[in-house]
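I open this notebook to record what I looked up, entry by entry. Each entry keeps to a single topic.

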Amino acid sequence: MILDAHRLARGQAICLVASLALVPKAALAGGEAEGRSETSAAASPVHTEPVAAPAGFLPYFRLLGTLQGGTGLRFNNPYRLATPLGDSAESVSRTAAYVDAGLAVLFGAPTLVQHGPALRLSVGLEGVPEQILAPSYLVCREVGSFQPCARVGVPIVLAQDSNAGVEVGLGVSYYLRAGLGVLAEANASLFYGAATREVAYPAYPIVSGQLGVVVSYEVLR
């Protein structure tokens with residue numbers, strides 16, 4: 001019985017030593033697993049949501065359609081137009097009344113300056129039929145319900161006598177609704193015509209004013 005007790009005690013001691021020897025290995029294995037998981041987490045890419053652009057800088061474009069009617073003053077009258085405003089035929093004369101249709105495409109931030117190409121077609125309503133096509137460049141800025149604009153263009157006379165000149169214009173629109181407004185515009189143009197006995201290269205300055213409506217359509221991209 002004493003021998004069996006010694007054998008049992010020695011067996012328990014061996015099991016205790018074996019269990020103690022296995023503990024560090026298990027702990028080490030757990031540490032390595034945690035290290036691998038941390039390394040994998042660090043190596044995996046971090047997904048973040050894209051930062052949205054400020055609302056005032058969203059790229060967009062706007063379509064503008066205009067329809068106006070007006071008339072002007074001609075400050076050089078070598079052809080003795082039938083509508084002089086002074087005492088003689090050489091004085092300032094009134095140009096024919098006309099209707100003007102336009103289309104423009106504007107680019108830029110809605111809260112900043114918007115600009116783009118424009119095309120105007122003017123058709124005379126009195127006297128000799130005349131059509132003028134004016135490729136232009138338009139610059140605008142929204143201020144509340146108002147939209148002041150500046151324009152520079154090259155008016156091309158299509159009929160009767162072909163000619164071309166330069167033109168600048170200033171206008172302002174007031175929007176009654178989001179896409180519909182009224183428009184007032186003043187223009188100054190300069191044409192060079194055929195020589196006369198007095199002047200080899202006569203210039204014909206014209207100042208005109210017009211009123212109409214504007215339709216706006218905004219497209220967010």
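**Entry 1. Overall layout**

I note at the outset that this is a predicted model. I counted the elements of the protein and found one helix and ten strands. Read from the N terminus, their order is α-β-β-β-β-β-β-β-β-β-β.

I then asked how many of the 221 residues count as buried. The share is 24%. For the accessible surface of the protein I recorded about 14,300 Å², with 69% of this area belonging to carbon and sulfur atoms. I also looked up contacts between residues at least 6 apart in sequence, and 53% of these join residues at least 24 apart.

**Entry 2. The disulfide**

I searched for disulfides and found one in the structure. Cysteine 140 and cysteine 149 form this link, and their sulfur atoms lie 2.1 Å apart. The angle about the S-S bond is 110°, and the link is right-handed.

Are the two cysteines buried or exposed? Cysteine 140 has a relative accessible area of 1%, so I entered this residue as buried, the limit being under 20%. Cysteine 149 has 14% relative accessibility and therefore also counts as buried.

I listed the contacts of cysteine 149 as well, leaving aside its neighbours within four places in sequence. They are Leu138, Val139, Cys140, Gly169, Leu170 and Gly171.

**Entry 3. The largest nonpolar core**

I next looked up which residues make up the largest nonpolar core. This core has ten residues: Leu64, Ala104, Leu106, Ala118, Leu138, Cys140, Cys149, Tyr175, Leu183 and Val214. The elements that give two or more residues to this core are E3 and strand E5 (131–141). Both cysteines of the disulfide are thus among the core residues.

I chose alanine 118 from the core for a separate check. Alanine 118 has its place in strand E4 (residues 113–124). Its relative accessibility is 10%, so alanine 118 counts as buried. Apart from neighbours within four places in sequence, alanine 118 is in contact with Leu103, Ala104, Ala134, Pro135, Ser136 and Leu138. I also recorded a distance to leucine 63: the two residues are 55 residues apart in sequence, and from C-alpha to C-alpha they are 9.9 Å apart in space.

**Entry 4. Aromatic rings**

A pair of aromatic rings is described by the distance of the centres and the angle of the planes. I counted two aromatic pairs. Phenylalanine 61 and phenylalanine 107 form a tilted pair, with 6.1 Å from centre to centre and 40° between the planes. This pair links distant parts of the chain, for phenylalanine 61 is in strand E1 (residues 60–74) and phenylalanine 107 is in strand E3 (residues 98–107), 46 residues apart. Phenylalanine 61 is partly exposed at 21% relative accessibility, and phenylalanine 107 is partly exposed at 37%.

Why is the pair of phenylalanine 146 and tyrosine 174 tilted? Their planes stand at 50°, and tilted pairs are those neither under 30 degrees nor over 60, so this pair is tilted; the ring centres are 4.8 Å apart. This pair too links distant parts of the chain: phenylalanine 146 is in strand E6 (residues 146–153) and tyrosine 174 is in strand E8 (residues 163–175), 28 residues apart. I entered phenylalanine 146 as partly exposed, with a relative accessible area of 44%, and tyrosine 174 as partly exposed, with 34%.

I also looked for a charge over a ring. Arginine 74 lies over the face of tyrosine 204, at 4.8 Å from the ring centre.

**Entry 5. Threonine 71 and valine 207**

My last entry concerns two residues from separate strands. Threonine 71 is found in strand E1, whereas valine 207 lies in strand E10 (residues 203–220). How far apart are valine 207 and threonine 71 in sequence and in space? They are 136 residues apart in sequence, and their C-alpha atoms are 8.7 Å apart.

Threonine 71 is partly exposed at 30% relative accessibility. Leaving aside neighbours within four places in sequence, its contacts are Arg94, Thr95, Ala96, Ala97, Tyr98, Ser208 and Gly209. For threonine 71 and alanine 97, which are 26 residues apart along the chain, I recorded a C-alpha separation of 4.6 Å.

Valine 207 has a relative accessible area of 41% and is partly exposed. With neighbours within four places in sequence again left aside, valine 207 is in contact with Gly72, Leu73, Phe75 and Asn187.

Key. Residues numbered from 1 in each chain as written. Predicted model: local features only at pLDDT ≥ 70, side-chain atom pairs only at ≥ 80, totals over all residues. Heavy atoms only, no water. Helix = DSSP H or I, 4+ residues; strand = E, 2+ residues; numbered from the N terminus. Buried < 20%, exposed > 50% of the residue type's maximum accessible area, 1.4 Å probe, protein only. Contact = heavy atoms within 4.5 Å. Areas by Shrake-Rupley, 256 points an atom, 1.4 Å probe, with all protein chains shown as cover. Disulfide = S-S within 2.5 Å. Phe/Tyr/Trp six-rings, centres within 6.5 Å; stacked < 30°, edge-to-face > 60°. Lys NZ or Arg CZ within 6 Å of the ring centre and 35° of its normal. Core = buried A, V, L, I, M, F, W, Y, C linked by side-chain atoms within 4.5 Å.
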